[in-house]
Amino acid sequence: MDEILRLTFLYDFYGELLTEKQKLVFEMHYQNDLSLSEIGEELSISRQAVRDQLKRTEKILIGYEEKLRLVERFQQQQRAVLKMKNILDEIGTGEISRETTEAIVTMKQIADAILS
């Protein structure tokens, strides 16, 4: 997985555990695509201080994931639901009862809701 995408996932899951300053610097860099110098100017701190803050924040996010594994479990669940949906698609609605057909349609809807 791309490192920026990975960090963004980690932030989505654990961002509320960060301080306001950590969140601000992370968002400015990764979500608003500002350079370290631009962030430093905006916050009246050095480029190096911005870099240090980002590195500490990234390390904190990675540490949370190493301990809690929420992103890993989320991705495993997404893959499992997608596999279930694919199996349901393969089953189709051929020569089965109306109740079974309705159950398959309902399960597909549930899988779609989870995946979206």
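**Exercise 1. Find the place of T19, decide how accessible T19 is, and say how far T19 is from T57.**

*Step 1.* T19 sits in the loop that joins α1 (3-14) and α2 (20-31). Helices here are DSSP runs of H or I with at least four residues, strands are runs of E with at least two, and both are numbered from the N terminus.

*Step 2.* T19 counts as partly exposed because its relative accessibility is 44%. For this label, buried means under 20% relative accessible area, exposed means over 50%, and partly exposed lies in between (1.4 Å probe, protein chains only).

*Step 3.* Along the sequence, T19 and T57 are 38 residues apart, and in space their C-alpha atoms are 9.3 Å apart.

A note before you go on: this is a predicted model, in which local features need pLDDT of at least 70 and side-chain atom pairs count only at pLDDT 80 or more, while totals for chains, interfaces and linings use all residues. Residues are numbered from 1 along each chain as its sequence is written, and side-chain values use heavy atoms, with hydrogens and water left out.

**Exercise 2. Describe the overall build of the protein, and decide whether it is a compact globule or more spread out.**

*Step 1.* Take the secondary structure: the protein has six helices and zero strands. Read from the N terminus, the order is α-α-α-α-α-α.

*Step 2.* Now compare radii. The radius of gyration is 21 Å, well over the 13 Å that the globule rule gives for 116 residues, so the protein is more spread out than a compact globule. The radius is taken over C-alpha atoms, and the rule is 2.2 Å times the number of residues to the power 0.38.

*Step 3.* Along the principal axes, the C-alpha atoms fill a box of roughly 70 × 25 × 20 Å.

*Step 4.* Of the 116 residues, 28% are buried.

**Exercise 3. Look at D33 and R69, and work out what is notable about the phi of each.**

*Step 1.* D33 is not a glycine, yet it has a positive phi of about 60 degrees. D33 belongs to the loop between α2 and α3, and D33 counts as exposed because its relative accessibility is 66%.

*Step 2.* R69 is not a glycine either, and its phi is positive at about 55 degrees. The loop between α4 and α5 (70-91) holds R69. With 37% relative accessibility, R69 counts as partly exposed.

**Exercise 4. Follow the salt bridges of E58, E72 and D89 to their partners.**

*Step 1.* Start with the rule: a salt bridge is a side-chain nitrogen of Lys or Arg within 4 Å of a carboxyl oxygen of Asp or Glu. By this rule there are nine salt bridges.

*Step 2.* E58 pairs with K55, and their closest N and O atoms are 3.4 Å apart. Both residues lie in helix α4, three residues apart, which is about one turn of the helix. E58 is buried at a relative accessible area of 10%, whereas K55 is partly exposed at 43%.

*Step 3.* E72 pairs with R69, the residue from Exercise 3, with 3.4 Å between the closest N and O atoms. E72 is partly exposed, at a relative accessible area of 33%.

*Step 4.* D89 pairs with K108, with the closest N and O atoms 3.3 Å apart. D89 lies in helix α5 and K108 in helix α6 (residues 98-115), so this pair ties together parts that are 19 residues apart in sequence.

*Step 5.* Widen the view: K85, D89, K108 and D112 are linked in a network of salt bridges.

**Exercise 5. Identify the residues of a negative patch and of a nonpolar patch on the surface.**

*Step 1.* Patch residues have over 30% relative accessible area and no salt bridge; like charges are joined within 9 Å, and nonpolar side chains (Val, Leu, Ile, Met, Phe, Trp, Tyr) within 5 Å.

*Step 2.* The negative patch gathers D33, E38, E41 and E42. Asp and Glu count as negative, Lys and Arg as positive, and His and the chain ends are not counted. The place of a charge is NZ of Lys, CZ of Arg, CG of Asp or CD of Glu. E38 lies in helix α3 (residues 36-43) and is partly exposed at 40% relative accessibility.

*Step 3.* The nonpolar patch is formed by F13, L68, L70 and F74, which together have about 300 Å² of accessible area. Areas come from the Shrake-Rupley method with a 1.4 Å probe, and for residues only the protein chains shown count as cover. L68 lies in helix α4 (residues 47-68), and L68 counts as partly exposed at 38% relative accessibility.
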